[in-house]
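Reader: Please take me through one part of this structure closely. I would like to see how the two domains of a chain meet, and then what lies around that place.

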Amino acid sequence: MASVSDIIFYILTFLSVYVQVFFLVTFLENRKKIVIRNGAVKLAEYPKVTIIVPCWNEEKTVYKTVHSLLGLNYPKDRIKIFLIDDGSTDGTLKAILKFSEYPNVKIFHKENGGKYTALNLGLEHIQTDFLGCLDADSVADPESLVRIMSYFEKDPSIMAVAPSIIAINSKNVVQGAQRAEYNLSVFMKKMLGFLGAIHVAPGPLTIFRKKVFDDLGPYRHAHNTEDMEIAYRMQKNHYKIEQCNDAYVYTNTPSTIKKLYRQRLRWIYGFMNNTIDYRKIIFRKKYGNFSLFTVPYNILSVFAVGFLFVKMAYSLVDFLFSKISEFQAVGFNLAPQVNHLDLFFINTQSLFFVAILLYFSIALSITLGKRMAEGKWGFSFDLIYFLFIFGIVGPFWLLKAVYNTILSRKPAWR
Amino acid sequence: MTENNIDWKKYLIVFLFTVGLFMSASYISNYFGDKKVNQLKQIQDKISIDILSSETQFSLLSELSCKNISDSVFSGELGELAGKLEWGQQNLGMTDEVSYLKKYYSLLEIKDYLLTKQISTRCKTKSAFILYFYTTLENCSECEKQGLALTALRDKYPELRVYSFDYSIDLSAVKSMLQIYKIEDTKLPALVIDDDVLTGFHGTDELETIVKKSFKLQEANSTSADSAQTKGATSASSR
C-alpha cells in the first residue's frame, strides 16, 4: 500500500505537471502573438514618462543605469528622470549629482527609509501620465521604453507593462543558473500576461499609468517586495498588467550563493507574506486566472520544493544510515555488490517517466524564454547550472522563509 | 479594467491531458515491469532445470562415482535472482507476481540446499551451509546488517552456501523449516549453521570462525574417508 508521503508526492507531481502543461498550452494558443521587433518602433504620440531611480548604496552601478536612461530611444523632452538617494552611506549621492546638469533629471535626497519610501517620494512629484521605476543595478535597452509604450498605445485598458529582464555579466555558475532562470521567467511572465495573471511588476522598468497610483494609493512596505504587492493590488482591482517580451532590461545578478540566498529569501518571504495578506483573493472566480492559477501554482511550488527537499533529506539520512550499518557489519567493502549496468536495475516506475517529462518541459520553457528574450534558439549549460543550483540551494531559502514567516522575522535587504 | 473571463474549458483540457500523461507513464512503467517479471521467471526456469538436471545426474551417477558430479548446481544465477527479486520487491512493489516468484525462489533454495547437502555428504566435497531467516514485515535493521555480513562472507568463501528465507512468506516448505529449527519471529535475524541456531546479529568475524571450523572438520573427515575409500578399493580389488 502506498504511504501518505507517496500519495502527497503523487498529488504534488500531478499538479506540477498540470502547471507545466497549462503554460505550454497557453504558449501554443498565443504563439503567433509573440513578436520580436528588430527595428525602431514608432508611436503616433509620445506620452510623457517619469522614471524614478531609487538608490541606496549603489555608487558602482548607478552611473550606468542613469546613462542608459539618457540614451533611451524616446524624445528627450518626453522623459523625466528622478534620481532619489535613499540615505546612502557610500558615494551614491556624489555619483548621481554628476547628472544634475541635465534638464530632465531631478535629484532628491532623503533619509534612509526603504525602497518604497523613495518611490513614494518620487510619486509625490509626478506630473506625467506614465511612470516607472528602474532599479539602480539595472540597465535599460535603448529600445525598451518605446516598445513598452507601444503596448499602452495599442490597448488603453492596459494599466502596467513589465519588460523582459535579462541577466548580464554572468561570470560564474551561480550567475549562469540565474540567467537560465531569468529566461524561464521571461517565458512564464509572457504566458501569465496572456492569462491576465501577472503577479509581479518588477522594479526594473515596469511602466504604469499614473491612474494606478491615483486610484490605488502609493507603494507600501509590503515585506520588502513592494513590486509584488502593487501587482497583487492591481489584480485585486482588475487592473491589467502586460508583459512586453522585446523590451529588454539588463540586470546584474548576485555573484555568490550567499548573496543569491539573501535576495531569494527576501523574494520568497515577500511572496509568502503578500499572499497571506491577500489570502482572500485566492480561488475566487472574480479575480480570474490570477486567483485560480498564478497564486495557487506559486503556493504549490513552495510546497512541492519543501516537500521534495524533506523527502530527499530523509532518503539521504536513510542512505547514510544504511551505509553506517553496512560499515558496522562488514567494514569497508569496496567490491561492487550488484551489477548496476544490468538493464534490469534501471528504474521504470511511472514517476520516473513523469520526472523526465517535468524536467523536459522546464528545459523547453527555458529555451522558449531564451528565444523570446534573445531571439535565438540553442542549448546552454546554464540550464544544467539552473537545475543544479536552484534544486540544491533553493529549498534552503524557501524553508528559511517559511521559518521567518512563522516567527515573523523580516529578512535584511542585502 | 480587465474582464476575468476564465476559460474553464482550458482548465479541463489541461487536466485531461495531464491525466493522459500520467496514464501513459503508468502504461510504460507497467510494460517494463512486466518485462522484468518475465526476466525473473526465465531465470527461475533455468535454475529449476539446472536443479532437476543435477538431481537426475546425481541419481544416475551417485552409485558409481562422485567425480562427474558438477558442482555448479548452486549457480551464480540463484544469487543473481536473489538480488533482482529484492530489487523487484522494493521497486515494483510486492505484487502477486513478485510474491509468487519469491515463493518459487524459496522452494528452489530448499531443493538446492537438500541436493547440495546430499552431494556433499556422499562425495565429501568441501562445503558449508547457512540458513538465514529474516523478516520484511517490520523494519528489521539487524536483518539488513546480517544480510550484508553474509554477502561479504559469501564473497570470501565461494564454497559457502547461504540460503535466505523470508520469515513471513506463506509457503509450507519454509514453515516446516521454521518448525524444524524452532525459529521465532521475535528472535530475527536467525541463522542455522551445522544445525545450530544463532539468533540476533552476528558479525563476519564470528561467522568466519564457525565456517572455518566447519571446513576444517570436513577436511579431517575427508582425509579419513579417503583413506577408508582407498582401503575399500584395495579390498575390493583383492576380492
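Author: Start inside chain B. This is a predicted model. Here, 13 residues of domain 1 of chain B are in contact with 14 residues of domain 2 of chain B. On the domain 1 side, helix α3 (residues 96–123) of chain B gives the most, with 10 residues. The domain 1 side that touches domain 2 of chain B divides into 5 nonpolar, 3 polar and 5 charged residues. The domain assignment places domain 1 of chain B at 10–124 and domain 2 at 126–239.

Now turn to the side of chain B that touches chain A. There, 33 residues of chain B are in contact with 36 residues of chain A. Three helices of chain B each supply at least two residues of that side: α1 (8–61), α2 (76–91) and α4 (141–156). Of the elements on that side, α1(B) gives the most, with 15 residues. By kind, the residues of this side of chain B are 14 nonpolar, 13 polar and 6 charged.

Last, cross over to chain A. Its 8 strands form an open sheet with mixed pairing, in the order β3-β2-β1-β4-β7-β6-β8-β5. The edge strands of chain A are β3 (105–110) and β5 (138–140), and each pairs on one side only. On average, neighbouring strands of this sheet are turned by 25° against each other, direction ignored. Helix α6 (residues 173–195) of chain A packs on the sheet and touches β6 (158–168) and β8 (240–252) of chain A. The direction of α6 makes about 160° with that of β6(A).

Note on methods. Residues are numbered from 1 along each chain as its sequence is written. Chains are lettered from A and ligands numbered from 1 in the order in which they are written. This is a predicted model: local features need pLDDT of at least 70, side-chain atom pairs count only at pLDDT 80 or more; totals for chains, interfaces and linings use all residues. Two residues are in contact if their C-beta atoms, placed from the backbone, lie within 7 Å. Helices (H or I, at least four residues) and strands (E, at least two) are DSSP runs, numbered from the N terminus. Ala, Val, Leu, Ile, Met, Phe, Trp, Tyr, Cys and Pro count as nonpolar, Asp, Glu, Lys and Arg as charged, and the others, Gly among them, as polar. Domain bounds come from an automatic or database domain assignment. Two strands pair if DSSP finds at least two bridges between them. Axes are lines fitted to C-alpha atoms, for helices over the stretch in contact, and angles run from 0 to 180 degrees between N-to-C directions.
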